[in-house]
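Biologist: I am new to this one, so could you walk me through it and tell me how each label is earned?
Modeller: Gladly; let's look at it together.

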Amino acid sequence: MNDRQKLVLITTTLAMVCALLLAAVVVVRIMDANGTLDALIVSHAVAPSRTAATSTPTMPTATETRPDLTRTSTAAPTASKTPEPTATQTFTPTATPNADGQEAVVIGYSVQDRPIEVYRFGSGPVHRLIYAGIHGGYEYNTVDLAYQLIDYLRLNLELIPEDITLFIVPVLNVDGFVNGRGQYNGRANARGVDLNRNWDLNWVADWDKSGCWNYVPIHGGTAPFSEPETLALSQFMVEEQIEAVISYHSAALGIFHGGQPDPHPPSVSLAEAVAAVSPYSYPGLSYGCSATGMSAHWATAQDIAAVDIELTNHSDTDFEINLRILNAFLTWKR
Ligand SMILES: [Zn+2]
């Protein structure tokens, strides 16, 4: 190759490189103008991890542990369902042999396909249930409390009496919890339904909001148990023959026993037992709102002793108080 040939080769190469660069700039500008550049960059950036993700199991399953699922509001659980979600709608104790509190079992899925989990402690014939987060992220401290109790019980299994099986559902409104921690719009589920107004007892779709919680629009659903969250929990309570429940709320209104229109004596007895070891107001404070479609009242209609407990505020878990309440709940004799 002589000098002239070398010059031609170098010139040609430089020209081709310039042409390619120019073409790239033009393409990018066109895509930017079309609003597709960001999408292109994003899809390219996430493509490798998507590929990687498909090779590892990412779906929360019955053995999903809670830190990934619910502890951080930004850690939205992946929304994909297991292939046959109906197969996991029914709680099967045999799925968690000898795993007190260690493994959650999925009892259903939220509107946005997040798993609703239950933890079990003990194996006695008397089945009791604590559920929190029925009002999602708006009452997130109830969820925090539930996980504190779960953590505590894992280390103190001897607290569970021989005759008791205790179930804990740490967060029923899992979509509201993930979507709106500490926010008004975290109260309802993903369809704007207040999950404590959707139960099949004195249910209405809408109600006079005077005296009621009304920071954002909420409603009772299209029918009793129209929501997958309430359907899953109610079915679980029936199938597991739950005989007493505590539902946690916040804030500040005190302790309420279930029973509508008349008080349900076992619920009154349970409310008195937990009130005796706590500073919470009992009876609870009246706020003049009609109580429709509420879980505690539905529970009493199934002869389940039911108590709602409101934490002191919207952030603290009142752990020491509720450890005493837990003990009272576990040792209460119906
Ligand atoms: Zn509440």
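**The core and the labels**

Modeller: The largest nonpolar core has 65 residues, and those with the most contacts inside it are Val118, Tyr131, Ile168, Val245, Val274 and Val307. The largest share of this core, six residues, comes from α4. Please keep in mind that this is a predicted model.

Biologist: What does the chain as a whole contain?
Modeller: The chain has nine helices and seven strands. Of its 334 residues, 40% are buried.

Biologist: Which residues is valine 245 in contact with, leaving aside its neighbours within four places in sequence?
Modeller: Valine 245 is in contact with Leu129, Tyr131, Ala299, Ile304 and Ala306.

Biologist: Why is α4 called oblique to α9?
Modeller: Helix α4 (residues 140–155) and helix α9 (residues 319–331) pack at about 60 degrees, with their axes 11 Å apart. Roughly parallel needs an angle under 35 degrees, and roughly perpendicular runs from 65 to 115. The angle fits neither range, nor the one over 145 degrees, so α4 is oblique to α9. The crossing of the two helices is right-handed.

Biologist: Which residues make that contact?
Modeller: From α4 come Leu145, Gln148, Leu149 and Tyr152, and from α9 come Phe319, Asn322, Leu323 and Leu326. By class, the contact has six nonpolar, two polar and no charged residues.

Biologist: Which residues of α7 are buried?
Modeller: In α7 they are Pro266, Ser267, Leu270, Ala271, Val274 and Ala275. The buried residues of α7 pack against β5, β6, α8, β7 and α9.

Biologist: What makes tyrosine 287 exposed or buried?
Modeller: Tyrosine 287 has 10 other C-beta atoms within 10 Å. A residue with 12 or fewer is exposed, so tyrosine 287 is exposed. Tyrosine 287 is found in the loop between α7 and α8, and touches Gly211 and Leu253, not counting residues up to four places away in sequence.

Biologist: And how do you know which label tryptophan 213 gets?
Modeller: Tryptophan 213 has 16 other C-beta atoms within 10 Å. Exposed takes 12 or fewer and buried takes 20 or more, so tryptophan 213 is partly exposed. Tryptophan 213 sits in the loop between α5 and α6. Tryptophan 213 and tyrosine 287 are 74 residues apart in sequence, and their C-alpha atoms are 9.6 Å apart in space.

Biologist: Two aspartates interest me as well. What is unusual about the backbone of aspartate 303?
Modeller: Most residues other than glycine have a negative phi. Phi of aspartate 303 is near 60 degrees, a positive value in a residue other than glycine. Aspartate 318 also has a positive phi, of about 50 degrees, although it is not a glycine.

Biologist: What makes aspartate 303 exposed and aspartate 318 buried?
Modeller: Aspartate 303, in the loop between α8 and β7, has 11 C-beta neighbours inside 10 Å. The limit for exposed is 12 or fewer, so aspartate 303 counts as exposed. Aspartate 318, in the loop between β7 and α9, has 21 other C-beta atoms within 10 Å. Buried begins at 20, so aspartate 318 is buried.

Biologist: Where are the cis peptide bonds you mentioned in your notes?
Modeller: One runs from serine 250 to alanine 251, with omega near 20 degrees. Another runs from tyrosine 282 to proline 283, with omega near 0 degrees.

Terms used
Residues are numbered from 1 along each chain as its sequence is written. This is a predicted model: local features need pLDDT of at least 70, side-chain atom pairs count only at pLDDT 80 or more; totals for chains, interfaces and linings use all residues. Axes are lines fitted to C-alpha atoms, for helices over the stretch in contact, and angles run from 0 to 180 degrees between N-to-C directions. Helices (H or I, at least four residues) and strands (E, at least two) are DSSP runs, numbered from the N terminus. A crossing is left-handed if the near helix is turned anticlockwise from the far one by less than a right angle, and right-handed if clockwise. Two residues are in contact if their C-beta atoms, placed from the backbone, lie within 7 Å. Ala, Val, Leu, Ile, Met, Phe, Trp, Tyr, Cys and Pro count as nonpolar, Asp, Glu, Lys and Arg as charged, and the others, Gly among them, as polar. A nonpolar core is a set of buried Ala, Val, Leu, Ile, Met, Phe, Trp, Tyr and Cys residues joined through C-beta atoms within 7 Å.
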